[in-house]
Amino acid sequence: MCYSLSASKDQEVCALCVAEKFFTYCRAGVRETGALQKESANCSLRPTAAPEQRQVRMTTLTHRTRRTEVSKSAEKKVESEEDTNQERSPDSEDPGDSKDIRLTLMEEVLLLGLKDKEGYTSFWNDCISSGLRGGILIELAMRGRIYLEPPTMRKKRLLDRKVLLKSDSPTGDVLLDETLKHIKATEPTETVQTWIELLTGETWNPFKLQYQLRNVRERIAKNLVEKGILTTEKQNFLLFDMTTHPVTNTTEKQRLVKKLQDSVLERWVNDPQRMDRRTLALLVLAHSSDVLENVFSCLTDDKYDVAMNRTKDLVELDPEVEGTKHSATEMIWAVLAAFNKS
């Protein structure tokens, strides 16, 4: 007799059928558990790898991964060092002026001293000649061609130390290569002040006149003409004709003027060691060549006074003290010391 349990109004379930299915499921579960126990027993009888072997395998894997990681990091480090060495090469220019026309310090000083329309420097300026020679020495030092001899007990001052040759490889500039040739052939070596005098021709020794650089302004002006900044004209001055070089690319000159103005106004750091080397050298050379007035003449009265006072404070620093500081360019301060003495 089959008893039924009402699960719902529409469906009836047989109690015996439910019990029968329940016992079949239980039997199947007992069989599966027995099979699992047998398999686990068989697995326990199998030989397993020793824990020392497992550790050896893990350590070898970790060593391999570490070696690959070290090799990759070493390759990246070498690539980064090569990139930095290329960026720090002595012949490379400042990154800020990469898009502009690259000028030497002598060309920049002459460009600041030239009158835009007339195309010549002031007739009353007798300082620009020595300023251009000082710019040649600083330019050679910045390009890694010359340097000052190390200080000794007898030669501590910048003006007492000799100029030594570091590399005689050509620079591509005629004036720089000619000066480099003179420095290489001179024995014994000379000081910075002596070289400025020899290159200018201000010497009483007739055997030293061969070191004089002739027609320096005209040769620098021709370089600026080739770079598209100046042009060549001839003007009649009553008794004689003179070749002049008016400025055609006023944008380049304005960029140069703005660079110097910002260095003593908006970007003034009040520490020569933190200034850009070429900007510091250009300020020293412009002041020594008496062309700094052309740079600050367009400023207002207040800014003009501030710019001139800051430049005066800069060039009145003790070159002997500043030249011994870390990351200082000794040649810049040696040239300034030579100008201050003269």
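Lys227 is partly exposed, with a relative accessible area of 31% in this predicted model. The side chain of Lys227 forms a salt bridge with that of Glu107, at 2.8 Å from N to O. Lys227 sits in the loop between α7 (216-226) and β5, while Glu107 belongs to helix α3, so the pair ties together parts that are 120 residues apart in sequence. Glu107 counts as buried, at 2% relative accessibility. Buried here means under 20% relative accessible area, and partly exposed covers values from there up to 50%, so Lys227 and Glu107 fall into separate classes.

This pair belongs to a wider set. A search of the whole structure finds 13 salt bridges. One of them joins the side chains of Arg278 and Glu139, at 3.2 Å from N to O. Arg278 lies in helix α9 and Glu139 in helix α4, so this contact ties together parts that are 139 residues apart in sequence. Both Arg278 and Glu139 are buried. A further salt bridge is made by the side chains of Glu178 and Arg219, at 2.7 Å from N to O. Glu178 is in helix α5 (residues 174-185) and Arg219 in helix α7; the pair links distant parts of the chain, 41 residues apart. Glu178 is partly exposed, with a relative accessible area of 24%. Arg219 also counts as partly exposed, at 24% relative accessibility. Salt bridges can share partners. Such sharing joins Glu139, Arg143 and Arg278 into one network.

Overall features of the chain come next. The protein has 342 residues, of which 35% count as buried. It contains 13 helices and six strands. Among contacts with a separation of 6 or more, 65% are between residues 24 or more positions apart. The accessible surface comes to about 22,400 Å². Carbon and sulfur atoms account for 52% of that surface.

Helix α9 (residues 277-288) also holds Thr279. Thr279 is buried, with a relative accessible area of 7%. Beyond its neighbours within four places in sequence, Thr279 is in contact with Lys259, Leu260 and Ser263. The loop between α9 and α10 (292-296) contains Asp290. Phi of Asp290 is near 60°, a positive value in a residue other than glycine.

Asp290 is also among the residues touched by Asn125. The others, not counting residues up to four places away in sequence, are Arg217, Ser289 and Val291. Asn125 is placed in the loop between α3 (105-113) and α4 (128-142). Despite this loop position, Asn125 counts as buried, at 10% relative accessibility. Its side chain reaches the backbone nitrogen of Cys127 at 3.0 Å. The C-alpha atoms of Asn125 and Gly113 are separated by 9.1 Å, and these residues are 12 apart along the chain.

Two other loops have backbone features to note. A cis peptide bond joins Glu187 and Pro188, with omega of about 5°. Pro188 is found in the loop between α5 and α6 (192-200). The loop between α6 and α7 contains Asn215. Phi of Asn215 is near 55°, which is positive in a residue other than glycine. Asn215 counts as exposed, at 60% relative accessibility.

The remaining region is a strand pair. Strand β5 (residues 233-237) and β6 run antiparallel and are joined by five bridges. Gln235 stands opposite Met242 in β6. The two strands form a hairpin with two residues between them. In the turn, Leu238 has a positive phi of about 55°. Leu238 also contributes to a nonpolar surface patch of about 450 Å², together with Leu239 and Phe240. Phe240 is placed in strand β6 (residues 240-244). Phe240 is partly exposed, with a relative accessible area of 47%. Patch residues need over 30% relative accessible area, so Phe240 meets that cut-off.

Technical notes: Residues numbered from 1 in each chain as written. Predicted model: local features only at pLDDT ≥ 70, side-chain atom pairs only at ≥ 80, totals over all residues. Heavy atoms only, no water. Patch = residues over 30% accessible without salt bridge, like charges linked within 9 Å, V, L, I, M, F, W, Y side chains within 5 Å. Areas by Shrake-Rupley, 256 points an atom, 1.4 Å probe, with all protein chains shown as cover. Salt bridge = Lys/Arg side-chain N within 4 Å of Asp/Glu carboxyl O. Helix = DSSP H or I, 4+ residues; strand = E, 2+ residues; numbered from the N terminus. Buried < 20%, exposed > 50% of the residue type's maximum accessible area, 1.4 Å probe, protein only. Contact = heavy atoms within 4.5 Å. Polar contact = N/O pair within 3.5 Å; in protein donor to acceptor, adjacent residues only side chain to side chain. Pairing = 2+ DSSP bridges.
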